[in-house]
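Colleague: I should be grateful for a close look at one part of this model. Please begin with that part and then relate your account to other local features that merit inspection.

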Amino acid sequence: MAKVAIMGYGTVGSGVYDIIKKNAEKLCLSSNGERVDLKYILDIREFDDHPEKELFTKDFNDILNDREVSVVAEVMGGLHPAYEFTKSLLESGKSVVTSNKELVATYGVELLEIAREKNVNYLFEASVGGGIPIIRPMHQCLTANNILTIAGILNGTTNYILNEMISKGKTFESALKDAQDKGYAERNPAADIEGHDACRKIAILSSLASGKFVDYNDISTEGITNITSEDVKVANSRGYVIKLIGYAKFTENGRIYSVVAPMMMSKEHPLAKVNGVMNAIMINGDCVGDLMFYGAGAGKMPTASAVVADIVDAVKHKERSKKIFWEKPDENIMASEDDAKFRYVIRTTDSPEKISDIFGEEGNVIDEQNIIFTKPLGTSELKEKLSKLDSVVSYIRFLEDFDNGDE
Ligand code: HSE
């Protein structure tokens with residue numbers, strides 16, 4: 001019998017509880033016959049009406065000092081005290097599984113190292129893509145590959161908001177409220193709509209892909225707050241959609257270019273069809289080619305499904321560290337902002353003559369409404385051109401086309 005604890009009884013924590021109860025037999029089977037037995041739930045709030053209210057504790061030391069507890073699910077979110085708790089648990093020889101992307105992206109190097117030293121596991125399948133299996137595929141199934149690019153819809157809340165605005169004509173505020181009511185949004189939804197949540201997730205995937213710590217502070221990040229309904233209409237009328245994309249490109253000289261930004265793509269692009277709370281991650285590896293992972297990216301049960309799978313994995317790998325890690329690089333590994341070129345769509349109220357002066361060269365297209373579709377530009381080239389315009393209403397980059405394998 002494996003004794004486990006849950007830290008944090010919010011949306012995900014209550015989902016973890018539900019799955020442990022609902023699928024007890026299945027979990028036992030998956031854990032090679034070892035029963036997953038919940039011994040504690042840590043939360044500072046009162047849960048007097050809960051059917052198993054005796055499981056609740058407000059004291060972290062109850063879990064830390066209980067030698068029977070071997071696996072702890074940290075689903076409290078935030079950096080503190082999640083960091084201190086996780087570190088103490090790993091140091092005391094307990095495995096920790098988590099959905100806390102902020103913690104993994106910030107302290108992953110250190111926590112994974114402690115897990116390795118102590119021969120226990122720090123697992124974080126739920127930290128990226130909610131219920132989508134993506135960490136294990138990257139860590140296990142794709143290790144034969146050099147990863148060349150990653151492009152993903154990594155935030156369910158923003159994808160849901162953009163979709164509700166387009167398909168149901170909802171306002172930004174009412175779509176965000178719905179996402180909060182459905183349990184998709186972060187406690188502070190600014191993390192979703194300003195792109196920080198997606199940024200942490202692409203940082204985790206980039207660290208896994210490269211084996212080097214990619215600091216999310218080094219990733220240029222823009223959310224969806226500047227996207228207007230006019231941007232959406234312009235995109236739609238020309239056969240495009242706008243999605244918040246986390247993007248990483250791994251250059252031949254071992255550097256990483258990464259950005260989080262709203263991007264336009266053809267309605268035929270596989271990511272264009274990913275709607276609502278769904279996430280999708282496209283990975284291009286030098287041997288396998290293009291792959292796409294798709295599924296519910298947020299919400300109680302999908303996220304809890306990934307957390308519980310990690311609990312089972314930790315039970316199965318007792319005293320056998322899975323040795324997932326990335327190291328702090330000695331030198332800067334981030335590529336310059338000009339190492340990746342994108343096409344852009346630019347809206348301006350400048351005169352057609354001025355637009356033509358600045359963007360008249362071959363490769364750029366200026367349509368009948370004076371909307372500019374540029375050739376691929378590095379960031380410096382883009383900035384230089386924008387600085388010559390008197391007014392910039394908006395500029396949005398294109399996600400490069402997906403090779404769908406058609407001859
Ligand atoms: N707020 C996050 C999202 C939750 O909307 O994707 C899942 O990480």
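Between which two elements is the loop in which N32 is found?

Modeller: The model is a predicted one, and the values below are computed from it. N32 is found in the loop that runs between α2 (24-30) and β2 (36-42). Its backbone deserves attention: phi of N32 is near 55°, which is a positive value in a residue other than glycine. N32 is also exposed, because its relative accessible area of 64% is over the 50% cut-off. Within α2 (24-30), C28 is buried, with a relative accessible area of 13%.

A positive phi in a residue other than glycine also occurs at N119, where the value is near 60°. The loop that holds N119 lies between α5 (101-118) and β6 (122-123). N119 is partly exposed, because its relative accessible area of 32% falls between the limits of 20% and 50%.

The loop between α5 and β6 also contains N121. With a relative accessible area of 2%, N121 counts as buried, because this value is under 20%. The side chain of N121 makes polar contacts with backbone atoms: it reaches the backbone oxygen of R320 at 3.1 Å and the backbone nitrogen of K322 at 2.6 Å. Residues up to four places away in sequence being set aside, N121 touches L90, S95, V96, A115, H317, R320, S321 and K322.

Another loop carries a backbone feature of its own. The peptide bond from H80 to P81 is cis, with omega near 10°. P81 is found between β4 (69-74) and α4 (82-91).

The strand β16 (residues 394-398) includes S394. S394 is buried, because its relative accessible area of 10% is under 20%. The side chain of S394 makes a polar contact with the side chain of D231, at 2.8 Å. Apart from neighbours within four places in sequence, S394 is in contact with D231, V345, I346 and R347.

The pairing of two helices may be described next. The axes of α7 (residues 156-168) and α8 (residues 172-181) come within 9 Å and cross at roughly 135°. The two helices are therefore oblique to each other, because an angle of this size lies outside the ranges counted as roughly parallel, roughly perpendicular or roughly antiparallel. Their crossing is right-handed. On the α7 side the contact is made by T157, Y160, I161, E164 and M165, and on the α8 side by F172, A175, L176, D178 and A179.

Finally, the cysteines may be considered. A search of the whole structure finds zero disulfides. For C141, the closest cysteine sulfur is in C287, at 14 Å from the sulfur of C141, and this is too far for a bond because a disulfide requires sulfur atoms within 2.5 Å. C141 is exposed, with a relative accessible area of 60%, whereas C28 is buried.

To return to the part you asked about, N32 combines a positive phi with an exposed position in the loop between α2 and β2.

Conventions: Residues are numbered from 1 along each chain as its sequence is written. This is a predicted model: local features need pLDDT of at least 70, side-chain atom pairs count only at pLDDT 80 or more; totals for chains, interfaces and linings use all residues. Side-chain values use heavy atoms; hydrogens and water are left out. Helices (H or I, at least four residues) and strands (E, at least two) are DSSP runs, numbered from the N terminus. Buried means under 20% relative accessible area, exposed over 50%, partly exposed in between (1.4 Å probe, protein chains only). A polar contact is a pair of N or O atoms within 3.5 Å; within protein, one must be able to donate a hydrogen and the other to accept it, and residues adjacent in sequence count only if both atoms are side-chain atoms. Contact means heavy atoms within 4.5 Å. Axes are lines fitted to C-alpha atoms, for helices over the stretch in contact, and angles run from 0 to 180 degrees between N-to-C directions. Angles under 35 degrees count as roughly parallel, over 145 as roughly antiparallel, 65 to 115 as roughly perpendicular and the rest as oblique. A crossing is left-handed if the near helix is turned anticlockwise from the far one by less than a right angle, and right-handed if clockwise.
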